[in-house]
Amino acid sequence: MRPFLVGRRRARARSTIATRTAGSAASRPTLAEQLRAASIALEFLTGELQGSHDPTGVVFTVLAALSGMEREYIRDRTLEGHESARARGKHIGGAPVTDENMLSMALHLRDQDLSLRDIAARLVITSGKKKGRHPSAATVLRMLRDHDQQSAT
């Protein structure tokens, strides 16, 4: 079998490789069979699991499950950090590029039945690091959607 190497420096990444390659738990058996058919084995160069392992075996499944749990843990901690920062009054994300003048112009252009891309191409950011550039269509969509939601309430 051709080894799928996991070295000393990548010890933390070994479970991530397994899960990112395998995707969801439902697709893991399919991937394991594909790896086996291609004669690819999981080989650890150091540590307690040192040696070559069959990708359809328990080691592959356990590593994939552990990395999934680790990913969820990191996600939860990140969300907790964002909530904590917001509670302290910190701003999450980039600096705002929209203002009231841009909103009024976007509303005017929307009334003319222009697409979001056309509206974005006609608007210009007036301050900050992106001064002189055009906002993205997603920014225009978000700005108009927020305005519509505020108007509805």
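A salt bridge here is a side-chain nitrogen of Lys or Arg within 4 Å of a carboxyl oxygen of Asp or Glu. Keep that cut-off at hand for the first exercise. The structure above is a predicted model.

## Exercise 1: Salt bridges in the model

Find how many salt bridges the structure holds, and describe each pair.

**Solution.**

Step 1. The structure holds three salt bridges.

Step 2. Start with Arg 75 and Asp 76, whose closest N and O atoms are 3.9 Å apart. This pair counts because the cut-off is 4 Å. Arg 75 is partly exposed at 48% relative accessibility, and Asp 76 is partly exposed at 36%.

Step 3. Move on to Glu 80 and Arg 77, which meet through their side chains at 3.3 Å, N to O. About one helical turn separates Glu 80 and Arg 77, because they are three residues apart in helix α3. Glu 80 has 43% relative accessibility and counts as partly exposed; Arg 77, with 47%, is also partly exposed.

Step 4. Finish with Asp 148 and Arg 110, joined by a salt bridge of 2.8 Å, N to O. Asp 148 belongs to helix α6 and Arg 110 to helix α4, so this pair ties together parts that are 38 residues apart in sequence. Asp 148 is partly exposed with a relative accessible area of 34%, and Arg 110 is partly exposed with 28%.

Step 5. As general background, side chains of opposite charge can pair when their charged atoms come close.

## Exercise 2: From chain order to core

Work out the order of elements in the protein chain, then say which helix supplies the largest share of the largest nonpolar core.

**Solution.**

Step 1. Count the elements: the protein chain has six helices and three strands. Read from the N terminus, they run β-α-α-β-β-α-α-α-α.

Step 2. Look at burial and contacts overall. Of the 153 residues in the protein chain, 24% are buried. Among contacts between residues at least 6 apart in sequence, 51% join residues at least 24 apart.

Step 3. Locate the largest nonpolar core, which has 12 residues, including Met 102, Leu 107, Ile 119, Leu 123, Val 140 and Leu 144. Helices α4 (100–111), α5 and α6 each supply at least two residues of this core. The largest share, five residues, comes from α4.

Step 4. Zoom in on one core member, Val 140. Setting aside residues up to four places away in sequence, Val 140 touches Leu 116, Ile 119, Ala 120, Leu 123 and Pro 135.

Step 5. In soluble globular proteins, nonpolar side chains tend to be buried together.

## Exercise 3: Nonpolar residues on the surface

Identify which residues form a nonpolar patch on the surface, and decide whether Met 69 is buried or exposed.

**Solution.**

Step 1. The protein chain exposes about 10800 Å², and carbon and sulfur atoms supply 52% of that area.

Step 2. The patch is formed by Val 62, Leu 66 and Met 69, which together have about 280 Å² of accessible area.

Step 3. Met 69 sits in helix α3 (residues 58–87). Met 69 counts as exposed because its relative accessibility is 57%, and the cut-off for exposed is over 50%.

## Exercise 4: Around Val 97, and a loop with positive phi

Trace which residues touch Val 97 from the side of Lys 130 and of Thr 139, and then find where Asp 113 is placed.

**Solution.**

Step 1. Lys 130 is placed in the loop between α5 (116–122) and α6 (137–152). With a relative accessible area of 41%, Lys 130 is partly exposed.

Step 2. Leaving out residues up to four places away in sequence, Lys 130 touches Val 97 and Ile 125. From C-alpha to C-alpha, Lys 130 and Val 97 are 7.6 Å apart in space, while 33 residues separate them in sequence.

Step 3. Thr 139 lies in helix α6. Thr 139 counts as buried because its relative accessibility is 16%. Beyond its neighbours within four places in sequence, Thr 139 is in contact with Val 97 and Thr 98. Val 97 is thus a contact of both Lys 130 and Thr 139.

Step 4. Turn to the loop between α4 and α5, where Asp 113 is placed. Asp 113 is not a glycine, although it has a positive phi of about 60 degrees. With a relative accessible area of 71%, Asp 113 is exposed.

Definitions and conventions:
Residues numbered from 1 in each chain as written. Predicted model: local features only at pLDDT ≥ 70, side-chain atom pairs only at ≥ 80, totals over all residues. Heavy atoms only, no water. Helix = DSSP H or I, 4+ residues; strand = E, 2+ residues; numbered from the N terminus. Buried < 20%, exposed > 50% of the residue type's maximum accessible area, 1.4 Å probe, protein only. Contact = heavy atoms within 4.5 Å. Core = buried A, V, L, I, M, F, W, Y, C linked by side-chain atoms within 4.5 Å. Areas by Shrake-Rupley, 256 points an atom, 1.4 Å probe, with all protein chains shown as cover. Patch = residues over 30% accessible without salt bridge, like charges linked within 9 Å, V, L, I, M, F, W, Y side chains within 5 Å.
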